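Work through the following exercises with the sequence and the structure open beside you. Try each task before reading its solution.

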Amino acid sequence: MGDLSGNYEIRRFGAVPKGNDGYEEAATWSRAVSFGFHESTRTPEHVEKALATYAVDGRVLTGAYQTGSVAPGSLPAEVPVATFATLRKTLNIGFGRTLETQLVTSVTVRTSHRRRGLLRRMMSEDLRLAKEDGVAMAALTASEGSIYGRFGYGVASFERSVKVDTTTRFTLQHQPTGSVEVADPKALLELAPVVFDRVHRLTPGSIGRQEWYRQLASGSLGHEGKEDPAVKVALHYGPGGDVDGYVSYKFLGWDTKPYTVEVVDLLAATNDAYLELWQFLAAIDLVERITWGEAPLDDPLPWALTDPRCIDSSDSRDMLWLRILDAAAALEARHYPADGRLVLDLHDPLGLTAGTWALAVEGGRAAVERLPEGTPADLALDVSALSSIYLGGVCPVTLAAAGKIRESSAGAALQARQMFAVERATHCLTHF
Ligand SMILES: CC(=O)SCCNC(=O)CCNC(=O)[C@H](O)C(C)(C)COP(=O)(O)OP(=O)(O)OC[C@H]1O[C@@H](n2cnc3c(N)ncnc32)[C@H](O)[C@@H]1OP(=O)(O)O
């Protein structure tokens, strides 16, 4: 057996639909990803459907391949030992502004090749290339909390799972302004992207959705890679008759007690649509509980309920991790609700954004200037902390208390909190 310890070639290629050159390479790559996440081996049909959606999103697939000899009888050299994928979508950075963002996903390293620096190599190279390509931000959702801080990522949004008691206890203080009607789930193939576009423009932290979402919401392609006949859909119509929200949901069966409906996807482009979709869910006969795994932490629902304790939410977790790649471009892209000047001493484990930066905001517009090294700073912080506070969803004062931000001028963290605030709660409804 040859030396298996270090010889890898990193290859990048596009996702292509079946019938195209490169399909087999992409299909083998996609099976390696399922292996890395401990899923059952995907059927050829599942792989085909997944790759068709990846191609629409323009995903770039990265694989690490063994170049030396492969252990006899083990997986052949064309199966990557590590996988990594990226796609580009926009991120809502508050006040309706969006920023092109490098989304990192499908990160796996085969157990027998782990802790040899493969993730580090793929991540460092990809972030450097994205920056060179003019992308100022990267994002991911993490399987474990301890992996990505070292690469400069910081938690920027949260989500929680809720169980809502929809027995007679559930009453909302809300007079409907629109209406809700049940629809053929397939209607969402067309409507979901339209509604999402409105939600995306309204919600700080929102990430543009990949093709797969409309398929999921419409029951066309479930997590198992097949049509999901259990999915049901209701649409919300605003006062003018336009569809401004929907809920896609499943009844979990008569064996689940209390009888429960699980939300697959819930989007509302207006405050009224959100509450009225909840009124609809709560009105489903025979059902006593609604569950939703992607609810916001800062949620209007409990405030609209007569009894906010109808909501049981024991499980809150980090959702979006951001990584600023270009400090000046990312900071200048934002609108700031408060003026001020902050000098930031920024550390970066990959060196992409390191330096002393002056952020000067006037009339909500930022000008960012690099200052000579050693210029006294108001705040000293790692790029992961700046990425965390960037969307207004994480408080700089709290990070200062945690030792993640060092405040040299009294009150600078509070000033940062005011400057980085956004117009409504940061929430990301796109997993990728
Ligand atoms: C965005 C997403 O796709 S999230 C999904 C991530 N994937 C998974 O969880 C699948 C299962 N896990 C794996 O496949 C692998 O363990 C990976 C991808 C997490 C790590 O891959 P490896 O190639 O072993 O990582 P690599 O050797 O490059 O390590 C880089 C650094 O991260 C650290 N590290 C790696 N994995 C972990 C971990 N799970 N927890 C804490 N630290 C970790 C290493 O110690 C190393 O630290 P250092 O460079 O500061 O000394």
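**Exercise 1. Find the bridge partner of E9 in β2, then place both strands in their sheet.**

Step 1. The bridge partner of E9 is Y65 in β2. Helices (H or I, at least four residues) and strands (E, at least two) are DSSP runs, numbered from the N terminus.

Step 2. The model is a predicted one, in which local features need pLDDT of at least 70, side-chain atom pairs count only at pLDDT 80 or more, and totals for chains, interfaces and linings use all residues. Residue numbers start from 1 along each chain as its sequence is written.

Step 3. β1 and strand β2 (residues 60–66) run antiparallel and are joined by seven bridges. Two strands count as paired if DSSP finds at least two bridges between them.

Step 4. Follow the open sheet across its seven strands: the order is β1-β2-β3-β4-β5-β14-β6, and the pairing is mixed. β1 (8–14) and β6 (154–155) each have a single partner strand and stand at the edges, so one side of each lacks a neighbour in the sheet.

**Exercise 2. Describe the two strands that pair with β4 and say how each runs against β4.**

Step 1. Strand β3 (residues 82–92) is antiparallel to β4, with 10 bridges between them. Within this pair, T90 stands opposite E100.

Step 2. β3 and β4 form a hairpin with five residues between them, and G94 in the turn has a positive phi of about 100°.

Step 3. Strand β5 (residues 137–140) pairs with β4 in the parallel sense over three bridges. Here L103 of β4 is opposite A139 in β5.

Step 4. β4, α3 and β5 make a right-handed β-α-β unit. Right-handed means that, with the strands pointing away from the viewer, the path from the first strand over the helix to the second runs clockwise.

**Exercise 3. Is S106 buried or exposed, and what is the sign of its phi?**

Step 1. Locate S106 in strand β4.

Step 2. Apply the rule: a residue is buried if 20 or more other C-beta atoms (placed from the backbone) lie within 10 Å of its own, exposed if 12 or fewer, and partly exposed in between. S106 has 21 C-beta neighbours inside 10 Å, so S106 counts as buried.

Step 3. Phi of S106 is positive, near 55°, though the residue is not glycine. Most residues other than glycine have a negative phi.

Step 4. Compare H38, in the loop between α1 (23–36) and α2 (44–57). H38 also has a positive phi, of about 60°, but H38 is exposed, with 7 other C-beta atoms within 10 Å.

Step 5. Return to the whole strand: nine of the 12 residues of β4 are buried, so β4 is largely enclosed by the rest of the structure.

**Exercise 4. Which strand gives the largest share of the shell around the ligand?**

Step 1. The ligand is surrounded by 21 residues, and the closest are V107, R114, L119, R120 and S143. A residue belongs here if its C-beta atom, placed from the backbone, lies within 6 Å of the molecule.

Step 2. β4 (98–109) and α3 (118–132) each supply at least two residues of this shell. The largest share, six residues, comes from β4.

**Exercise 5. Where is the cis peptide bond between K257 and P258?**

Step 1. The bond from K257 to P258 is cis, with omega near -10°.

Step 2. P258 lies in the loop between β10 (243–251) and β11 (260–268). Most peptide bonds are trans.
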